[in-house]
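The following report concerns strand arrangement, ionic pairs and the contact between chains. Please consult the sequence and the structure shown here while reading.

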Amino acid sequence: MANSSIEFKCTSFSLSVLHLKTSVLADVRAILTKKIAQAPDLFNLVPVVVNIEEIAGEVDYLAIKELIQALNFTFVGFTGAIEKEQKLLIRKLGFSFVNSAKKSSTSTGNSEVSKAQSAVKVFPEKTALYSDKVHRGQIRSGQQVYAQGQNLVVIGSVSAGAEVIADGNIHVYGALRGRAIAGAKGHQQAQIYCQNLEAELVSINGNYWLSESMEQHWASPVYIHLNDNELTSSKLI
Amino acid sequence: MARIIVVTSGKGGVGKTTSSAAIGIGLALKGHKVVLIDFDIGLRNLDLIMGCERRVVYDFVNVIKGEATLNQALIKDKRVSTLSILPASQTRDKDALDKESVGKVLTELGETYDYIICDSPAGIEAGAMMALYYADEAIVTTNPEVSSVRDSDRILGMLASRSRRAELNLEPIKEHLLLTRYSPKRVTEGEMLSVEDVEDILSIPLLGVIPESQAVLKASNAGEPVILDKESDAGQAYQDVVNRLLGDSVDFRFLVAEKKGIFSRMFGG
Ligand SMILES: Nc1ncnc2c1ncn2[C@@H]1O[C@H](COP(=O)(O)OP(=O)(O)O)[C@@H](O)[C@H]1O
Ligand SMILES: [Mg+2]
């Protein structure tokens, strides 16, 4: 039989991770219910991985899974830096244990949510699967820098006539006057950050803006992201 | 060790040759041994500005091809004994220079001279690449307008990626910004970029600002580099540039429009 009917490929996904710090699930339910009430659309059926490394003592995996599903999330599995025995137990119970590519950092993501609660934290681990390519110095007209499979960090400006491309996010610690293409291979969550937006073109996951669409935040520090497949710019400070 | 300085720009007609001549003779007048090399093969401009066009017998290409020795081709300046000029050929094409031979000539010159000033042709092709390849420092000559700034930016990219220093991973070429044909009046009227605008876009240290000046054309026609015209604004501005290259810190002049005198105001100047 021809083996073209299936194919195994590695693809990186962005998933939301719920960090639990207590095993008192009634508390977790109360906090999450309140959270969801604030933005029901944001959380509905969102795939969630539960990080349990900060729970002291016994963990009731089945109860956690049921709670997550009852709140209308899509339960994916567990994650965290935990003992080997614990991982084996998780697998024995029929759940998947998900290894993240990088140790998550609590400083990123939805700070508003994490600030409010100390027992539960939800934030999208947008960049967790990409490492950074760092370029020091200005990128000049006619030059192109591509961070393949990475985020691109430019410590300096990107001149008019220069082009920066990343499969992940693009950060420019300087003025962005050239072209910036983030999420080049298709990455909905990719973002572009710069200290001064004067770009010729910005593009995320194939959606692009020319200079004339950047009027609102022209010459100011901004980040650009996709919101419902529409490019959106927000002030950084 | 000789300092090899390329005067470059990308865009043509911005004042590279004018600047090479002024800075070259200015350094020589300070007692340094200086050689000016015209890399603009096919055009031959530097010898005119230096006023030695009638004394050209052999040129740079003859030396490269082994048809003449350096001593035969070098022209000693009549005004300053420590200055020589290596003229370009008018009859050969731009591809007459090759890296290896140019390197040999520069090494030989380096044994005698303190400063080797390379007047680059315009563009970003082989000729301009050759002029910048061996440079230790670059004077990026720029006019205060968008297309010139863009071309300078492009050349800065080349300096950082295509030079010998870049290829060998040595300390990068020292970059200087020389803003020429600056007209404060036109800046105020919004027709030209300001010094700050250009500095902001290129972000390299400012070496000098040369005002747009009638004195430059006069000097070119006379074959007397404008720095010798000590009364002129452009001459003084080039003198400041030379002093800065030698390590002095000199305030920038000619950055604001001259106030009109009472007479011109009364009679509408
Ligand atoms: N500061 C200046 N003021 C007025 N004219 C200038 C000035 N600098 C250069 N020029 C004029 O600009 C033209 C081009 O100058 P040149 O030095 O030959 O440029 P390049 O070598 O870059 O082609 C010449 O006609 C020159 O007289
Ligand atoms: Mg010239």
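How many salt bridges are there over all chains?

## Salt bridges

The model described here is a predicted one. Over all chains, the count comes to 17 salt bridges. One of them lies within chain A, where A:Lys185 pairs with A:Asp167 and the closest N and O atoms are 3.7 Å apart. A:Lys185 is located in the loop between β10 (179–182) and β11 (192–197) of chain A, and A:Asp167 in the loop between β8 (163–166) and β9 (170–176) of chain A, so this pair ties together parts that are 18 residues apart in sequence.

## The six-stranded sheet

In chain A, 6 strands make up an open sheet with mixed pairing, in the order β5-β7-β9-β11-β14-β15. The edges are occupied by β5 (131–136) and β15 (230–235) of chain A; each has a single partner strand, so one side of each is left without a neighbour in the sheet. On average, neighbouring strands of this sheet are turned by 25 degrees against each other, direction ignored.

At one of these edges, β14 (residues 222–227) of chain A pairs with β15(A) in the antiparallel sense over 6 bridges. Within this pairing, A:Tyr223 has A:Ser234 of β15(A) as its bridge partner.

## The five-stranded sheet

Chain A also contains an open sheet of 5 strands, again with mixed pairing, ordered β6-β8-β10-β12-β13. Its edge strands, β6 (144–147) and β13 (207–210) of chain A, each pair on one side only. Here the average turn between neighbouring strands is 5 degrees, direction ignored.

Strands β6(A) and β8(A) run parallel and are joined by 4 bridges. A:Ala147 stands opposite A:Ala166 in β8(A).

## The contact between chains A and B

The contact involves 10 residues from chain A and 11 residues from chain B. Together the two chains bury about 800 Å², of which 34% is on carbon and sulfur atoms. Of the area that chain A buries against chain B, 60% is supplied by A:Arg140, A:Ser141 and A:Arg177, more than by any other three residues.

Which charged and polar pairs link chain A and chain B? The count between them is 3 salt bridges, and 9 residue pairs are in polar contact. The side of chain A that touches chain B divides into 1 nonpolar, 6 polar and 3 charged residues. A:Arg177 also takes part in a salt bridge, its side chain meeting that of B:Asp200 at 2.8 Å, N to O.

Methods
Residues numbered from 1 in each chain as written. Chains lettered and ligands numbered in written order. Predicted model: local features only at pLDDT ≥ 70, side-chain atom pairs only at ≥ 80, totals over all residues. Heavy atoms only, no water. Pairing = 2+ DSSP bridges. Helix = DSSP H or I, 4+ residues; strand = E, 2+ residues; numbered from the N terminus. Axes fitted to C-alpha atoms, helices over the stretch in contact; angles between N-to-C directions. Contact = heavy atoms within 4.5 Å. Buried area = accessible area lost by both parts, 1.4 Å probe. Salt bridge = Lys/Arg side-chain N within 4 Å of Asp/Glu carboxyl O. Polar contact = N/O pair within 3.5 Å; in protein donor to acceptor, adjacent residues only side chain to side chain. Nonpolar A, V, L, I, M, F, W, Y, C, P; charged D, E, K, R; others polar.
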